[in-house]
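Work through the exercises below with the sequence and the model open. Each task is followed by a worked solution.

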Amino acid sequence: MPFLSRLMEKASARGTAYTALDAMKLFAIINMTADHIGDYFFPDDLWWRAIGRITFPVWFFLVGYSRTRAIGRTIYVYAAILVLDHLFIGLPLFPFNALVSILLCKWVLNLCEDRHWLPQRLPELICGFIVLTVFTTPFFEYGSIAFLFALFGRMVVQKEKKHFLALTVASYVTFIVWQIAIFPFNYIQLLYVLIGTAWVVLWLSRCPNDVIWENWRVSRFKTFIAVLSRNTMPYYFYHRLIFEILFAFILGKGIGFTLRWFD
């Protein structure tokens, strides 16, 4: 099948060694799926959401960790379809999905580099993005917290130490504050989010990208794991689209173009 062939081709383009960063992506995929299961189907059980919260930094870290400035057409298409899907099944238009957040992160990073603001203007950017969370979070997922973690990823890949500790702490604390504000976690759930997110952020700050498997092609299981780990954007798009359609039909939410700005 052409679709599966494209996924395999994308995974193969990054080599046959399966690395620790690939494993972190897989861990993030599993946690994200749990988060969305809770969001759509078990909203009263906050453990699903707590499980998903801890790997949020991975996705936007990867935006900055990637050295490419280019933005492929596919992400625009995926992001637009998910926005239109919200209108079709009666979900709120805002906040826009995380693919829109990724696009904005790319634009912000490109702007910062074009203006030579990194790392010289990093303190000002940190403060600005923290303040902007109040205004941006209602409009696209995670708001300008996503920008902080994208900057975090860019500083890691560039091995930049100037202001790096301040960026790390600010990104973590800002994210945690917003989670406390949004979710009524109990003490155990909150402790899990605090410790789990701290571990993920610490791991990302060091990014020990050691080789786990020399050749993931040697078995079907390893091939499946590698292809999934290296195709995070298609996975995000298709699983979320399926979840939203199931949410609409199984839980009796109406379909048809209905404009709701906010929940």
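## Exercise 1: helix α3 and its partners

Helix α3 passes α10 in a right-handed crossing. A crossing is right-handed if the near helix is turned clockwise from the far one by less than a right angle, and left-handed if anticlockwise. This is a predicted model: local features need pLDDT of at least 70, side-chain atom pairs count only at pLDDT 80 or more, and totals for chains, interfaces and linings use all residues. Residues are numbered from 1 along each chain as its sequence is written, and side-chain values use heavy atoms, with hydrogens and water left out.

**Task 1a.** Find the angle and axis distance at which α3 and α10 pack, and classify the pair.

**Solution.**
- Step 1. Locate helix α10 at residues 187–206. Helices are DSSP runs (H or I, at least four residues), numbered from the N terminus.
- Step 2. Take the geometry. α3 and α10 pack at about 15°, and their axes are 9 Å apart. Axes are lines fitted to C-alpha atoms over the stretch in contact, and angles run from 0 to 180 degrees between N-to-C directions.
- Step 3. Classify. The pair α3 and α10 is therefore roughly parallel. The cut-offs are under 35 degrees for roughly parallel, over 145 for roughly antiparallel, 65 to 115 for roughly perpendicular, and oblique for the rest.
- Step 4. List the contacts (heavy atoms within 4.5 Å). From α3 come Leu46, Trp47, Ala50, Ile51 and Arg53; from α10, Ile188, Gln189, Tyr192, Val193 and Thr197.
- Step 5. Sort them. The contact of α3 with α10 has 7 nonpolar, 2 polar and 1 charged residues. Ala, Val, Leu, Ile, Met, Phe, Trp, Tyr, Cys and Pro count as nonpolar; Asp, Glu, Lys and Arg as charged; the others, Gly among them, as polar.

**Task 1b.** Repeat the analysis for α2 and α3.

**Solution.**
- Step 1. Set the limits: α2 spans residues 20–41 and α3 spans residues 46–53.
- Step 2. The packing angle is about 150°, with the axes 7 Å apart. α2 and α3 are therefore roughly antiparallel.
- Step 3. The crossing of α2 past α3 is left-handed.
- Step 4. In α2, the contact residues are Asn31, Ala34, Asp35, Ile37, Gly38 and Asp39; they meet Trp48, Arg49, Ile51, Gly52 and Arg53 in α3.
- Step 5. This contact of α2 with α3 divides into 4 nonpolar, 3 polar and 4 charged residues.

## Exercise 2: one residue in α2

**Task.** Is Met32 buried or exposed, and which residues does Met32 touch beyond four places in sequence?

**Solution.**
- Step 1. Place Met32 in helix α2.
- Step 2. Check accessibility. Met32 has 7% relative accessibility, so Met32 is buried. Buried means under 20% relative accessible area, exposed over 50%, and partly exposed in between (1.4 Å probe, protein chains only).
- Step 3. Collect the contacts. Leaving out residues up to four places away in sequence, Met32 touches Thr55, Trp59, Tyr235, Tyr236 and His239.
- Step 4. Add a backbone distance. Met32 and Gly52 are 20 residues apart in sequence, and their C-alpha atoms are 4.9 Å apart.

## Exercise 3: backbone exceptions

Most residues other than glycine have a negative phi, and most peptide bonds are trans.

**Task 3a.** Where does Pro95 sit, and where is Pro119 found?

**Solution.**
- Step 1. Phe94 to Pro95 is a cis peptide bond, with omega near 0°. Pro95 is in the loop between α5 (73–89) and α6 (98–114).
- Step 2. Leu118 to Pro119 is also cis, again with omega near 0°. Pro119 lies in the loop between α6 and α7 (122–136).

**Task 3b.** Describe the phi and setting of His116 and His163.

**Solution.**
- Step 1. His116 has a positive phi, near 60°. The loop between α6 and α7 holds His116. His116 is exposed, at 61% relative accessibility.
- Step 2. His163 has a positive phi, near 65°. His163 is in the loop between α8 (145–157) and α9 (164–182). At a relative accessible area of 29%, His163 is partly exposed.

## Exercise 4: cysteines

**Task.** How many disulfides does a search of the whole structure find?

**Solution.**
- Step 1. Apply the criterion: a pair of cysteine sulfur atoms within 2.5 Å. The search finds 0 disulfides.
- Step 2. Check Cys112. The closest cysteine sulfur, in Cys105, is 10 Å from that of Cys112, too far for a bond. Cys112 is buried, at 2% relative accessible area.
- Step 3. Check Cys207. The closest cysteine sulfur to that of Cys207 is in Cys105, 17 Å away, too far for a bond. Cys207 is buried, at 9% relative accessibility.

Notes
Helix = DSSP H or I, 4+ residues; strand = E, 2+ residues; numbered from the N terminus.
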